[in-house]
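Me: I should like to go through the terms applied to this structure and the grounds for each. Please set each value against its criterion.

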Amino acid sequence: MNYHFQIDGVYRDGKWGNYDYQREAPYTLNEKALNESNGILYASDYGTKWYDQDGKIRITKTNEPIDWYYNGVINNNVAVDLNADGSKGKLTAWRDWQHIIYNGGTIGGLEQGEQPRLLSNIEEQTKELTYEEYRNGPQK
């Protein structure tokens, strides 16, 4: 998951604010060896956000070459910490819709204060980004 989308939603059809789950898993990005000419190889009406080598947020469409290093040159092999987590590793897309398990709960018959139960087959959940963390950007 790209936590930039948690607050602003996904860029689709020329605007931000679209909220959805990932439908496809089209790519894995190796932050140690990014081929900028490939982009993300995703549908043309989508965009993405990432951190460049200076920790600045950058935005672009996904189906065109992406200057990950943000130096004005499209290279075949650059290393950038795109998610500003302090390391360079592999970022793998996740097909959310395929992995969501919803058992239906007791919708329509919930007791006051009761919430529907969501089940997931994801072994380990990561901490979600807070609004303050989003506004402050990466901590270096």
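Me: What makes the contact between Arg-58 and Asp-52 a salt bridge?
Reply: In this predicted model, the closest N and O atoms of Arg-58 and Asp-52 are 2.8 Å apart. A side-chain nitrogen of Arg within 4 Å of a carboxyl oxygen of Asp is what the term requires, and therefore the pair qualifies. Both Arg-58 and Asp-52 are buried.

Me: Where does Arg-58 lie with respect to Tyr-70?
Reply: Arg-58 lies over the face of Tyr-70, at 3.6 Å from the ring centre. The distance criterion is CZ of Arg within 6 Å of the ring centre, so 3.6 Å satisfies that part of the test.

Me: How many salt bridges does the structure hold, and how do you know that Asp-8 and Lys-49 form one of them?
Reply: There are three salt bridges. For Asp-8 and Lys-49 the closest N and O atoms are 2.4 Å apart, and the limit is 4 Å, so the name applies. This pair links distant parts of the chain, with Asp-8 in helix H1 and Lys-49 in strand E4, 41 residues apart.

Me: Why is Lys-49 called buried, and why is Asp-8 called partly exposed?
Reply: Lys-49 has a relative accessible area of 9%; buried means under 20%, so Lys-49 is buried. Asp-8 has 23%, which lies between the limits of 20% and 50%, and therefore Asp-8 is partly exposed. Lys-49 also lies over the face of Trp-16, at 4.6 Å from the ring centre.

Me: What makes Arg-12 and Asp-20 a salt bridge?
Reply: Their closest N and O atoms are 3.8 Å apart, and the criterion is within 4 Å, so the pair is counted. Asp-20 is partly exposed because its relative accessible area of 31% falls between 20% and 50%.

Me: How many aromatic pairs does a search of the whole structure find, and why is the pair of Phe-5 and Trp-16 called tilted?
Reply: The search finds three aromatic pairs. Phe-5 and Trp-16 stand 6.2 Å centre to centre, with 35 degrees between the planes. The centres must lie within 6.5 Å, and an angle that is neither under 30 nor over 60 degrees counts as tilted; therefore the pair is tilted. Phe-5 is in helix H1 (residues 4-8) and Trp-16 in strand E2 (residues 15-18), 11 residues apart. At 18% relative accessibility Phe-5 counts as buried, whereas Trp-16, at 27%, is partly exposed.

Me: Why is the pair of Trp-50 and Trp-68 called edge-to-face?
Reply: The rings lie 5.0 Å centre to centre, with 75 degrees between the planes. An angle over 60 degrees counts as edge-to-face, so the name follows. Trp-50 is in strand E4 (residues 47-51), and Trp-68 is in the loop between strand E5 (57-61) and strand E6 (90-92). Trp-50 is buried at 3% relative accessible area, and Trp-68 counts as buried at 2%.

Me: Why does Trp-97 count as partly exposed, and which residues share its surface patch?
Reply: Trp-97 has 44% relative accessibility, and that value lies between 20% and 50%, so Trp-97 is partly exposed. Trp-97, found in helix H2 (residues 96-99), forms a nonpolar patch with Tyr-21 and Ile-100, with about 320 Å² of accessible area together.

Notes
Residues are numbered from 1 along each chain as its sequence is written. This is a predicted model: local features need pLDDT of at least 70, side-chain atom pairs count only at pLDDT 80 or more; totals for chains, interfaces and linings use all residues. Side-chain values use heavy atoms; hydrogens and water are left out. Patches are made of residues with over 30% relative accessible area and no salt bridge: like charges are joined within 9 Å, nonpolar side chains (Val, Leu, Ile, Met, Phe, Trp, Tyr) within 5 Å. Accessible areas come from the Shrake-Rupley method with a 1.4 Å probe; for residues, only the protein chains shown count as cover. Helices (H or I, at least four residues) and strands (E, at least two) are DSSP runs, numbered from the N terminus. Buried means under 20% relative accessible area, exposed over 50%, partly exposed in between (1.4 Å probe, protein chains only). Rings of Phe, Tyr and Trp (its six-membered ring) pair if their centres lie within 6.5 Å; planes under 30 degrees apart count as stacked, over 60 as edge-to-face and the rest as tilted. A charge sits over a ring if NZ of Lys or CZ of Arg is within 6 Å of the ring centre and within 35 degrees of the ring normal.
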